[in-house]
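The following exercises practise the reading of a protein model. Please study the sequence and the structure before attempting each task.

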Amino acid sequence: MSVRVVARIRPLLEKELDKDVIVRADSTEDGKPLTMVKIPSPKNESEEFSFAFNSVYDQSTTQEELFSAEVAPHMKALFQGLDVTIFAYGVTGTGKTHTMRGGLKLADRGVIPRLLSNVFRRAKKVAKDSNGATTVDVALAYYEIYNDKVFDLLEPLEKRTPSGLPLREKDGKTIVVGLSERSCEDLKDFERLYIEANNNRVTAATKLNAHSSRSHAILRVKVTQTTGDMVRESTASAIDLAGSEDNRRTDNDKTRLVESAAINKSLFVLSQCIDAISRGDKRIPYRESKMTRILSLGQNNGITIMILNLAPMRSYHLDTLSSLNVSSRAKRIEVREIENEVVFKQPPRSNSGLGGTNMQRQPLR
Ligand code: ADP
Ligand code: MG
């Protein structure tokens, strides 16, 4: 089991161009790849917190670049039978849906359509290279977890039970009972299904008074390769998580409190699982939330990629810090004291010796 935790900082949108940018990507040394996210301390702006990641993508990163760097390298493993799981984590408005789904224009396409396109291309190649001895089936499941209940997004709203679909254990795996699965022939087929299902999600949102930012949307792509009586099955899962902001700060509505509790719990368990996997622990607490249970996170031999989405503006300051705290793989947070005026004019360098001390301290929350 391997895990990568990376951060992606989105650009300012057109209507935000006058906003104050406080989040930046940095490297440990000049010329090294970007692996650090830096953000000022909210209590003392002359202090800067640094968070370390496996990789950091700044505002100039295209959809194509992100996919090639973080997802494409694992597609071979998927066809060798490993499960690949990609999460987008972060505050609402930071680019999770943009990263996973993206826009309709070719260049704007996100991880999901690119992944499917890659899967179909490989499937064709496997069949061709085996002279038809191996067949490859691609099947989709798409569901959301809202308030700890599982809803099938491939089913029309009328067919959903309000209590959600039950889970059951089978051969040590968690199964969502009654979850539908659709076979997909090609990218066109996929897009038709996916668009229809996303429309379902929107309809559901208005009827149930839920918002997409309050549920986890999980797309599961099952690849089945059959050669004679040998069957190899693996899955790629792409998850657009619920917003990680603290909803309680802005809204005391009772429904919101219930939603917040469910979201906070599952995101907390997720981060615990990611930590445990990256430490190489034997015990992964995946049973403690529905989402991690259904994904059997850390139970099978697979690859997990967590993308932390960040918005660079000051208005997100506290929520950004809290999401950095949850996702950063750095166990110790470095705090540098920098001399305000001087250093802000030149780009600050780590250990620049400007009288800064390196202290270890946990930032807020
Ligand atoms: P989330 O799903 O995390 O709530 P969205 O994906 O909806 O956030 O992004 C919020 C807004 O920012 C959308 O208008 C989206 O198109 C835009 N956006 C996000 N990331 C990028 C990016 N890397 N480049 C350009 N626009 C982006
Ligand atoms: Mg979204």
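The exercises below proceed from the whole chain to single residues.

**Conventions**

This is a predicted model, in which local features need pLDDT of at least 70 and side-chain atom pairs count only at pLDDT 80 or more, whereas totals for chains, interfaces and linings use all residues. Residues are numbered from 1 along each chain as its sequence is written, and chains are lettered from A and ligands numbered from 1 in the order in which they are written.

**Exercise 1. Overall description**

Task: State how many helices and strands the protein has, and what percentage of its residues is buried.

Solution. Step 1: helices (H or I, at least four residues) and strands (E, at least two) are DSSP runs, numbered from the N terminus. The protein has nine helices and 16 strands.
Step 2: a residue is buried if 20 or more other C-beta atoms lie within 10 Å of its own, exposed if 12 or fewer, and partly exposed in between, with C-beta atoms placed from the backbone. Of the 365 residues, 37% are buried.
Step 3: two residues are in contact if their C-beta atoms, placed from the backbone, lie within 7 Å. Among contacts between residues at least 6 apart in sequence, 65% join residues at least 24 apart.

**Exercise 2. The largest nonpolar core**

Task: Identify the residues that touch the most other members of the largest nonpolar core, and the helix that gives the most to this core.

Solution. Step 1: a nonpolar core is a set of buried Ala, Val, Leu, Ile, Met, Phe, Trp, Tyr and Cys residues joined through C-beta atoms within 7 Å. The largest one has 78 residues, and V37, I86, L115, V221, A238 and I307 touch the most other members.
Step 2: helix α6 (residues 254-279) gives the most, with seven residues.
Step 3: with residues up to four places away in sequence left out, I86 touches V71, V111, A238, I239, I305 and I307.

**Exercise 3. Helix α6**

Task: Compare the expected span of α6 with the distance between its end C-alpha atoms, and determine what covers its buried residues.

Solution. Step 1: the expected span of a helix is 1.5 Å times one less than its number of residues. For the 26 residues of α6 this gives 38 Å, which agrees with the 38 Å between its end C-alpha atoms.
Step 2: the buried residues of α6 are E259, A262, I263, S266, L267, V269, L270, C273 and I274. Their cover includes β1 (2-9), β12 (215-227), α7 (290-294) and β14 (302-310).
Step 3: A276 also lies in α6, but A276 is partly exposed because 19 other C-beta atoms lie within 10 Å. Beyond four places in sequence, A276 touches D281, R283, I284, P285 and G298.
Step 4: G280, which follows α6, has a positive phi near 80 degrees.

**Exercise 4. Positive phi outside glycine**

Task: Locate N131 and N147, and decide whether each is buried, partly exposed or exposed.

Solution. Step 1: most residues other than glycine have a negative phi. N131, although not a glycine, has a positive phi of about 55 degrees, and N147, likewise not a glycine, has one of about 50 degrees.
Step 2: N131 is found in the loop between α4 (111-129) and β7. N131 is exposed, because 7 other C-beta atoms lie within 10 Å.
Step 3: N147 lies in the loop between β7 and β8. N147 is partly exposed, because 16 other C-beta atoms lie within 10 Å.
Step 4: two strands pair if DSSP finds at least two bridges between them. Strands β7 (residues 134-146) and β8 (residues 149-152) pair in the antiparallel sense over four bridges, and Y146 stands opposite K149 in β8. The hairpin has two residues between its strands.

**Exercise 5. A buried residue in a strand**

Task: Determine whether T85 is buried or exposed, and which residues it contacts beyond four places in sequence.

Solution. Step 1: T85 is found in strand β6.
Step 2: T85 is buried, because 23 other C-beta atoms lie within 10 Å.
Step 3: its contacts beyond four places are S237, L295, G302 and T304.
Step 4: T85 and A236 are 151 residues apart along the chain, yet their C-alpha atoms are separated by 5.7 Å.
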